[in-house]
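Hi everyone, thanks for coming. Let me put the structure up on the screen, and then we'll walk through it together.

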Amino acid sequence: MKWPDDFNPPVGRAETVQPGLRRILAANPSPMTYRGTNTYLLGETGLAVIDPGPDAPGHLEAILRAVGTGQRVSHIVITHSHKDHSTLARPLAEATGAPILAYGSATAGRSAVMEALALSGLGGGGEGLDAGFTPDETLAEGDRIEGAGWELEVIHTPGHLGNHISLALGDACLTGDHVMGWASSIVSPPDGDVGDFMASCEKLRARDWRIFYPGHGGPVTKPVARIDWLMDHRRKRESAILGALSFSAATPQVLAARIYTETPRRMLGMATRNVFAHLVDLTQKNLVAPDGPLSEGSVFRRR
């Protein structure tokens, strides 16, 4: 399925995406962030700022400009603590007095296997973890965040990051980096977990949604179709890895070179991380096994 590539709104300008919800695009485009990070402003008087974005003075000014007469920022909500979503939270809190709400610190929600990998010394894959992030108030599955004329429901959706949450706004959902229309979500150990990602997809798919508002790119107007595509994409990648291991044992790096034949060489490091994420999941399912301790440099064999 092909998805449209026509998302290119003006940077730094608040645009209404549905009644009571506005979006401001940050000026941080990149291969990882697409056109930039989407910051959302919810409400008419007391405003929730969702994912204030990167620590850039110009974006802070854009958010504050969007707070009109008779309005104030009452909540700052973070979907997950990657730097392009969360590092402006503290400057915005200092400027407005609003508390920062999130699932937890940068490592909150990390699965047991990923915690073990982190303790073994495996570092992040370059996605830009905001390692020092700490919210003022922690959120949990099913919590309600209430403001003047609006209410958000917290849905814990780990996978891209352990502390990732999505936010239900009636039949709309702010999905952060979990479900986006322009690309699949990066899942890179020890912060990303493929098993958690698939379970979070199933959790979202079980509900009746009208639209998703992601952390990057335009609205997803066919939520179920997009979730199905993302899950099918992951299953196909898993099948390709198992197929490659049927011929010979290999490291994640060798497997990535075999499978990602059309990927630019500069992106093979990220592809290797993705393959390793699947291998961790396949190890948990008892379908593959590493020679020795589980690590990114291990040789994996099909069981």
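Let's start with a question: at roughly what angle do the axes of helix α6 and helix α7 cross? Before I answer, keep in mind that what you're looking at is a predicted model. Okay, so find helix α6, residues 223-247, and helix α7, residues 252-259. Their axes cross at roughly 110° and come within 10 Å. Angles from 65 to 115 degrees count as roughly perpendicular, so that's the word for α6 against α7.

Who's making that contact? On the α6 side we've got Arg237, Ala240, Ile241, Ala244 and Leu245. On the α7 side there's Leu255, Arg258 and Ile259. If you sort the residues of this contact by character, you get 6 nonpolar, 2 charged and no polar.

Right, on to the sheets. Look for the one with 5 strands. It's an open sheet, the order is β8-β9-β10-β11-β12, and the pairing is mixed. At the edges sit β8, residues 144-147, and β12, residues 211-214, and each of those pairs on one side only. Going from one strand to the next, the twist averages 25°.

Let's zoom in on β10, residues 165-169, and β11, residues 172-176. These two pair in the antiparallel sense over 3 bridges. If you want a landmark there, Leu169 stands opposite Ala172 in β11. And there's a helix packed on this sheet: α5, residues 194-205, which touches β9, β10 and β11. Its direction makes about 140° with that of β9.

While we're here, have a look at Thr175, which lies in strand β11. Buried or exposed? Thr175 has 0% relative accessibility, so it counts as buried. Leaving out residues up to four places away in sequence, Thr175 touches His164, Ser166, Phe212, Tyr213 and Pro214.

Let's follow one of those partners, His164. His164 is in the loop between β9 and β10. It's also at 0% relative accessibility, so His164 counts as buried too. Its contacts, not counting neighbours within four places in sequence, include Thr79, His80, Ile155, His156, Asp177 and His178. For a sense of scale, the C-alpha atoms of His164 and Gly297 are 27 Å apart, with their positions 133 residues apart in sequence.

Now the other sheet. Which order do its 7 strands take? They go β1-β2-β3-β4-β5-β6-β7, again as an open sheet with mixed pairing. The edge strands here are β1, residues 15-18, and β7, residues 137-138. Each has a single partner strand, so one side of each is left without a neighbour in the sheet.

Inside that sheet, β3 and β4, the latter being residues 46-50, run antiparallel and are joined by 3 bridges. Leu42 is the residue standing opposite Ala48 in β4. Two helices to point out here. Helix α1, residues 57-66, lies across β2, β3 and β4, running at about 155° to β2. Then helix α3, residues 89-96, packs on the sheet and touches β4, β5 and β6. The direction of α3 makes about 155° with that of β5.

One more residue in this neighbourhood: Ala26, in the loop between β2 and β3. At 0% relative accessibility, Ala26 counts as buried. Outside its neighbours within four places in sequence, Ala26 is in contact with Val11, Arg35, Gly36, Thr37, Pro54 and His59.

Last stop, the aromatics. How many aromatic pairs does the structure hold? There are 5. One of them is Tyr34 with Trp182, and that pair is stacked, at 4.7 Å centre to centre with 5° between the planes. Tyr34 is in the loop between β2 and β3, while Trp182 is in the loop between β11 and α5, so the pair ties together parts that are 148 residues apart in sequence. Tyr34 is buried, with a relative accessible area of 13%, whereas Trp182 counts as partly exposed at 26%. Ring pairs also bring in Phe7, making a cluster of Phe7, Tyr34 and Trp182.

And then there's Trp209 with Phe212, an edge-to-face pair, at 5.9 Å centre to centre with 65° between the planes. Both Trp209 and Phe212 are buried. You've met Phe212 already, by the way, as one of the residues Thr175 touches.

That's the tour, thanks for listening!

Definitions and conventions. Residues are numbered from 1 along each chain as its sequence is written. This is a predicted model: local features need pLDDT of at least 70, side-chain atom pairs count only at pLDDT 80 or more; totals for chains, interfaces and linings use all residues. Side-chain values use heavy atoms; hydrogens and water are left out. Two strands pair if DSSP finds at least two bridges between them. Helices (H or I, at least four residues) and strands (E, at least two) are DSSP runs, numbered from the N terminus. Axes are lines fitted to C-alpha atoms, for helices over the stretch in contact, and angles run from 0 to 180 degrees between N-to-C directions. Contact means heavy atoms within 4.5 Å. Angles under 35 degrees count as roughly parallel, over 145 as roughly antiparallel, 65 to 115 as roughly perpendicular and the rest as oblique. Ala, Val, Leu, Ile, Met, Phe, Trp, Tyr, Cys and Pro count as nonpolar, Asp, Glu, Lys and Arg as charged, and the others, Gly among them, as polar. Rings of Phe, Tyr and Trp (its six-membered ring) pair if their centres lie within 6.5 Å; planes under 30 degrees apart count as stacked, over 60 as edge-to-face and the rest as tilted. Buried means under 20% relative accessible area, exposed over 50%, partly exposed in between (1.4 Å probe, protein chains only).
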